Amino acid sequence: MTGLILQQAVNALTIGAIYALIALGYTMVYGVLRLINFAHGEMFMLGAYAALIFVIFLFPHGAGLFGALFIFIGAFIAIGLIGVAIERAAYKPLRHSSRLAPMLSSLGISLALQAAVQLVAGPQPIGFATLFPAIHLQFAGANITTVQIGIILCALLLMFALNRFVSSTRLGINVRAVSENMRTAQLLGIDIDKAISLIFFIGPGLGAIAGILYASYYGVMTPTMGVIVGLKAFTAAILGGIGSIPGAMIGGFVLGFLEVFGTAMLPILTDGYLGTEYRDIFAFAALILVLLFKPSGLLGERVSEETMVYKRDF
Amino acid sequence: MSAVSSSATKAPATSTKVVGFALILAAVVLAACVPFMPNYYVRVLDSILIYVLLGMGLNIVIGYAGLLDLGFVAFYAIGAYTYALLASPMFDLHLPFLVIVLIACVLGAIAGILLGIPVLRLRGDYLAIVTLGFGEIIRVLINNADRVTNGPKGIAAIDRINLFGLTISTPKDIFWLLLVTCILVGIVVWRLQNSILGKAWMAIREDQDAARGIGINTTNAKLAAFSISAVIGSIAGVIFAAFQRFVSPESFTFHESVLIVLIIVIGGVGNILGVIAGAFILILLPELLRDYAEYRMLLLGLLMAVLIIVRPHGLVPRSFTPASLFSWLRFR
């Protein structure tokens, strides 16, 4: 029994870490532009495909440790640049129009990216060999792989780095100032375009890493994998309190635990009548419940009447 | 402030008759052409009309009440599955069409209120995401409740519509049915827009707190918006199921919701003419791009982004009425 629980806990941590990495991108963009960036799920998908391209062209005979590091950094930079380009082309012209417009333009970009990848790589699932050495470890009756440990460590490292970056570097402070109040930040001499570009570089970059980790974990990727995972990561961002970076991390892990344990318990509780196929419902049900009882999320800003008015204008 | 709220005070009351006249004229011209058209074109027209119907329904929530609903497809699915379950060999029930329409309307209204009650407290983005989640939950339920809905395989061999002894089966018959439905729904929506309830919705859209302050029951008005739009959505679903004679969860994905929102936004928020224009553009474009089948989705996605960047207020702004077209022409 403890083995089973430990096993599920590690599974939950693994998938939660991946959700958390993607949720960071959503939460940073939302914190600054108040935009639900639907194209962010596609950054996650592109990350996995970018890694596949690196593996095929640079490391056809296995990557090794430095190769893997190179792939991670390469994918981070490549997808980060794509993110910046998308912001320039599709969101910047809409910065002063209604809130609905950039959201819909992000949906258009998301559709176009999915279609583009389908054209190049085909709609079928593609196998992805893990970048970590896969060794099964037996531990207190649980079967844990080194892939899982690698994913958790990698995600935690990135989150720690991001937190340090945002809380104590000059650029990070600029980003926080812009997300607090764009106009005041501008008056204080902060280049908001630069700060927004930085956000659209880091968020997609982290999403891309999450994509590689996800593909290593499940061993497969498809052009549409960004849709559901992206929505769940967004749910995680709301769970934690959208706009808050620690909130996104916690939200990711909470969602991972909810999903893994919920899915494991459901067949037991309902006597096998409802099975694991209802996995995707947990995220959305949790979302609705959280928004009903604590709309600002676990660590979110308190929603005052003022911010409500600000958030209203569609 | 926002594009949506820029021109709400212009109530287009005097042009009601002009709009009605223009719509009826266009419908008559279209209808006169249909008997001479090949079936393929009629089929395209049919799907355009279904989307006009869906657009008019969703427009009540988004365009009039200003609540962004990204899960509208759930109501469409409820209507389609109601018809599919009650008029197919699945349970061997073959209820008459009008009875099923009635049941679908009731179910749609209940679902609309069920969604409405929990989201009444939410606004803006949060509302958008919760409705999105609602749409996904309905789709996952349909996809997995094999014993009832036959799961991902869908329900086939759905009955043809039998209306007063007339069998409605060819695309042309469906076109007539849809045209009549669209006109009826259009009239209802138009009347609602200019009614007390419609004014209450617009007040809520502009400033909810002020609306409550002047004595509008915002709860009831929002629930009415949700349930009326849900009823229209489920009527569209019933006709869709009868038109395809096959339903599966494939037809009710998130992309479908997005498409309907886009029809409204690209056409023009809060304007029936805009919905019609949007439906024509967004359904015709993919058909015209059929020769470039592989590039279709890519082009559609890019076009969507470009259209929104170029015309963030939609093709037909809310303040646009035929009367303003006439004055614009005279001015030239």
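Which residues have the most contacts inside the largest nonpolar core? In this predicted model, they are L21(A), L24(A), F38(A), L213(A) and M221(A) from chain A, along with Y83(B) and W201(B) from chain B. The core itself runs to 219 residues. As background, nonpolar side chains in soluble globular proteins tend to be buried together.

Let's pick out W201(B) from that list. Leaving aside residues up to four places away in sequence, W201(B) touches I60(B), Y64(B), A65(B) and L192(B). Its other partners, on the same terms, are A221(B), A224(B), A225(B) and I228(B).

Now for where the two chains meet. Chain A puts 49 residues into the contact, and chain B puts in 47. Together they bury about 4400 Å² between them, with carbon and sulfur atoms giving 76% of that area. On the chain B side, the elements that give two or more residues are α5 (124-144), α8 (196-206), α11 (254-267) and α13 (296-310). Of the residues on this side, α5(B) supplies the largest share, with 14 residues. Sorted by type, the chain B side that touches chain A has 30 nonpolar residues, 6 polar ones and 11 charged ones.

What about salt bridges between the chains? The count between chain B and chain A is 0. Residue pairs in polar contact between them also come to 0, counting pairs with both residues at pLDDT 80 or more.

Two other residues deserve a look, one from each chain. Here they are side by side:

| Residue | Helix | Relative accessibility |
|---|---|---|
| Q148(A) | α5 of chain A, residues 146-168 | 4% |
| L86(B) | α3 of chain B, residues 73-86 | 16% |

Q148(A) counts as buried because its relative accessibility, 4%, is under the 20% cut-off. Setting aside residues up to four places away in sequence, Q148(A) is in touch with V10(A), N11(A), T14(A), N143(A) and Y217(A).

L86(B) is buried too, because 16% relative accessible area is also under 20%. With residues up to four places away in sequence left out, the contacts of L86(B) are L93(B), H94(B), L95(B), I100(B) and I103(B). There's also a distance to note here: V99(B) comes 13 residues apart from L86(B) along the chain, and their C-alpha atoms are separated by 9.7 Å.

Key. Residues numbered from 1 in each chain as written. Chains lettered and ligands numbered in written order. Predicted model: local features only at pLDDT ≥ 70, side-chain atom pairs only at ≥ 80, totals over all residues. Heavy atoms only, no water. Contact = heavy atoms within 4.5 Å. Buried area = accessible area lost by both parts, 1.4 Å probe. Salt bridge = Lys/Arg side-chain N within 4 Å of Asp/Glu carboxyl O. Polar contact = N/O pair within 3.5 Å; in protein donor to acceptor, adjacent residues only side chain to side chain. Nonpolar A, V, L, I, M, F, W, Y, C, P; charged D, E, K, R; others polar. Core = buried A, V, L, I, M, F, W, Y, C linked by side-chain atoms within 4.5 Å. Buried < 20%, exposed > 50% of the residue type's maximum accessible area, 1.4 Å probe, protein only.
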